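Hi,

Here is the model I promised to pass on. Have a look at it first, and my notes follow below.

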Number of protein chains: 2
Amino acid sequence: MNLSSQADESVDVLVIGGGPGGTPAALALAQAGRRVLLVEQGDGLGGTCLFEGCIPSKIFRESALRLHAADRAGEFGVGFDAAMKPAIDWQRVLARKRDILAARAAAALHNAQALPTLQIVRGHARLLGAHRAEISLPGAAPRGLRFAHAILAAGAQAAQPALVGSDLAGVHASEQLLSLDRVPDSLLLVGGGPIGVEMAQIFCLLGSRVTLLQGRERILPSMDGDLALQLQQRLQDSGIDLRCGARAQSIVAVPGGLRVTYSDAQGNGGQVEAQHVGLALGRVPRVADLGLEHTRIRHDGKGLRVDAHLQTDEPDVYAVGDLLGQPMFAHWATAQAQALAAHLLGKPAAFPKPEHNSAVIFSHPEFATAGLTVAQAQAAGLIVDTATYDYAIDARAQIGGETGLLRLVFERDSRRIVGVHALIEGASDLIGEGALIVRHGLTLEQLAQAIHPHPTLTESMGVLARQTLARLQGLATHAHHPVP
Amino acid sequence: MNLSSQADESVDVLVIGGGPGGTPAALALAQAGRRVLLVEQGDGLGGTCLFEGCIPSKIFRESALRLHAADRAGEFGVGFDAAMKPAIDWQRVLARKRDILAARAAAALHNAQALPTLQIVRGHARLLGAHRAEISLPGAAPRGLRFAHAILAAGAQAAQPALVGSDLAGVHASEQLLSLDRVPDSLLLVGGGPIGVEMAQIFCLLGSRVTLLQGRERILPSMDGDLALQLQQRLQDSGIDLRCGARAQSIVAVPGGLRVTYSDAQGNGGQVEAQHVGLALGRVPRVADLGLEHTRIRHDGKGLRVDAHLQTDEPDVYAVGDLLGQPMFAHWATAQAQALAAHLLGKPAAFPKPEHNSAVIFSHPEFATAGLTVAQAQAAGLIVDTATYDYAIDARAQIGGETGLLRLVFERDSRRIVGVHALIEGASDLIGEGALIVRHGLTLEQLAQAIHPHPTLTESMGVLARQTLARLQGLATHAHHPVP
């Protein structure tokens, strides 16, 4: 496509945003022969997840955990000279981050360029009305474009807090913390959701003195409560100064750093000083500059309104991913994009349902979830019961020196499992089984029948299912693992 | 039960062997009120798995991997002084092993003792004929016992090789390697099955110079070939001197160690010297001293003959676990024991099927399998196709610095997945999903529909299913992960 010709160009599909929502949609449609223009305003394909979110934070976490593992090595009979404590080489971590990001972005671009009907441009796209948009590329005048369908996948951005002093030097949005030029001596994080918890633990393991202010009564309010409270205790045991029910009010500069004033529900409060402050107060859909005002598209502060096929109020304009509000996860955006591409190609499309979603909080230990918590299940009108496995009795967890909990949420009558929640290092891989269970509505009996290998963390799934069935049958059950 | 009274005592169920087969059978039957006598000749409940096999080897592996991680830490920006290389504290590893084993054995005994109709004795049991046995306890005369049912769960022992010199000092059965008083300078392992491979890597990581002699043409002949060959390359790259097609012929003592002479298929051969030699030539059912000659029970060198309900040729005498021959896995024995207990209690019992089994070889990286390999599927008359995912493109694997392969084996027409094979550190946890898939005959479509979280190793399962479906539909597909 040549955007420099006089008459408006036309494409089958305009995709705005090259993250985990827009990119797979564009690839799937171009693979089927559709002429697709993908407009991405950033440096490459990958979006928030690759450049600012999940991937860089996991790279830092990997190094932080390896530093921590070196500290714990003596427990496993691996000895260091005490005077030669391992240290983090921050520049090397930053270089590793750059290398992995560049390789993944290049691979994504390479795949995209193999498709002759897909064009990718760096620039900005704005809707002008029904089936019309304007494309602005750097150093060129805006050009008109006609499209048969458009997919909005512009993502989200950090919420701007109503917090006096949030524009001071040393106050960072969470993603900026991953680009600091050194590990802070002290760091105050505002917000005890997934990002705040991940960052608090990473910087604590890297050696920062960390304070975490959480406005709600506990961390991770949307996650299973008992597992979240066990994780909360782990944060505190590791030396993080966690203050729950504490809402940040203002930030002022003080010598050597910043001072944050907060209040609590009782009208009391306090102050904390730190070298740096990180804000992790959630993310909001990036609705500005999309030209929505020229269309019938409706949205509120939480996201664009769409129908069951992800079509907005403007016919033939669809949206996926963070632009639709919660849940904001890369894999959720990808699942939507794949279903939408199939739908636009006239093929059977199973649009993903929130009750089948999964997620991992890369805390330490990992906290993974698939399906519904008890609260979510009850809100959906289900009568549920729970079963819990304590990894303290688990062979693999004992060998690895790990602890945690596994919880199943199941319908009382049908014994259909509607939620799987795991807090244990390795939960990110265990939860694939959970995602399969909740997607296909498998029962405790069906889980109990699978032969899980010993000694692994995954056998906890089968053991818990069998123990729970024995309990429901009124048999006394032994808490210990049946494989000694 | 008082074994010292004059008349023969009687029990509902005699269980011979307190490992992962006998123990859960005894617990389940006693929980239901049956009077059970469990006779174990060893120190406590747990069998080969706990005392000599899976658990101690995994404890050593954990320490070996942590030493290896310290060596690799610089790659992740975790710096050590080069002169202060970490070292293994062997006595601490041995102490950790003792602690974990003792805790697990005590927990198993504690559970068992909570059941009033279960008696556990340390001693020896031998069948005398139909419904009769003889129990020998240390320091007491043998006593008669009558039983309504018996469950034989005596396990297996290391195969005695036809190898001149295998009784020399410094030649060890594989399980004895875990009790050496120091890490050998050099170690020669005979046998490239699961135990030989695990031991070769553990001692290589711990600093031994390791040679591995494998009689067959590659390591792990029963596992997926491509994955086994990738692992074989990893062994060689790590410095293990692997010699395939090499059958050990004789061992002689030489100054400072032992010399092993081997031959190959071409009639050539060679010699290797090492400080210690470990034999990992498989395991054989422990059929001696069970009194089988007083019964109608039949067996060959591979194991006892049983029917579909695990009943031997002697009515009311059943057998589970390693005594039945391959597969010899703790979880397989437990699955058999649970089904058998249900069957004896008159409840519906789903006896486990080999095509639903799973297993993990704790190589580095872990090698896990559920269901059938291509060769096994073809031998069963299935028309299958395969799909392979290379973790080189995987975000989580890149972050963790790991590589490996995932392979799905599926029926060509139905797209039912009959085998899942993973070679990647973390495969032991991924394979729970595989076990569930093969147990319930899920299809590629059903796997593709599950929403796996990003960035995790488990999303490889969904990505591979979707890529394979696209390929089967004739669409060009991009090899890269759809979530950039």
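Let me start with a helix in chain B. In α1(B), the buried residues are G22(B), T23(B), P24(B), A25(B), A26(B), L27(B), A28(B), L29(B), A30(B) and Q31(B). "Buried" means that 20 or more other C-beta atoms lie within 10 Å of a residue's own; 12 or fewer makes it exposed, anything in between partly exposed, and the C-beta atoms are placed from the backbone. Helix α1 of chain B spans residues 22-31, and 10 of its 10 residues are buried. Helices (H or I, at least four residues) and strands (E, at least two) are DSSP runs, numbered from the N terminus.

Before going on, a word on the source: this is a predicted model, where local features need pLDDT of at least 70, side-chain atom pairs count only at pLDDT 80 or more, and totals for chains, interfaces and linings use all residues. Residues are numbered from 1 along each chain as its sequence is written, while chains are lettered from A and ligands numbered from 1 in the order in which they are written.

What do the buried residues of α1(B) pack against? Their partners in chain B are β1 (9-16), β2 (36-40), α4 (90-113), β5 (118-122), β8 (143-152) and α7 (330-344). Contact here means that the C-beta atoms of two residues, placed from the backbone, lie within 7 Å. Just after α1(B), G33(B) has a positive phi of about 95°.

Now chain A. Its secondary structure comes to 12 helices and 26 strands, and 55% of its 484 residues are buried. Chain A has a radius of gyration of 24 Å, which agrees with the value near 23 Å for a compact globule of 484 residues. That radius is taken over C-alpha atoms, and the globule rule is 2.2 Å times the number of residues to the power 0.38. Along the principal axes, the C-alpha atoms of chain A fill a box of roughly 75 × 60 × 50 Å.

Chain A is divided into domain 1 (9-51 + 96-158 + 284-352), domain 2 (171-281) and domain 3 (356-472), with bounds from an automatic or database domain assignment. The centres of domain 1 and domain 3 of chain A are 35 Å apart, taken over C-alpha atoms.

One strand of chain A to look at is β26 (residues 417-423), where seven of the seven residues are buried. Strand β23 (residues 367-371) of chain A pairs antiparallel with β26(A) over five bridges; two strands pair if DSSP finds at least two bridges between them. Here A370(A) stands opposite V420(A). Strand β25 (residues 405-411) of chain A also pairs antiparallel with β26(A), over six bridges, and V409(A) stands opposite G419(A). β25(A) and β26(A) form a hairpin with five residues between them, and R415(A) in the turn has a positive phi of about 60°.

Finally, the two chains together. 92 residues of chain B are in contact with 91 residues of chain A. Strand β3 (residues 78-79) of chain A and strand β4 (residues 87-88) of chain B run antiparallel, joined by two bridges, and V78(A) stands opposite I88(B). A turn of 180° and a shift of 0.0 Å along the axis lay chain B on chain A with an RMSD of 0.0 Å, superposed by least squares on the C-alpha atoms of residues with pLDDT of at least 70 in both copies. The two copies are thus related as by a two-fold rotation axis. In chain B, the C-alpha nearest the axis belongs to E433(B), 2.1 Å from it.

Cheers
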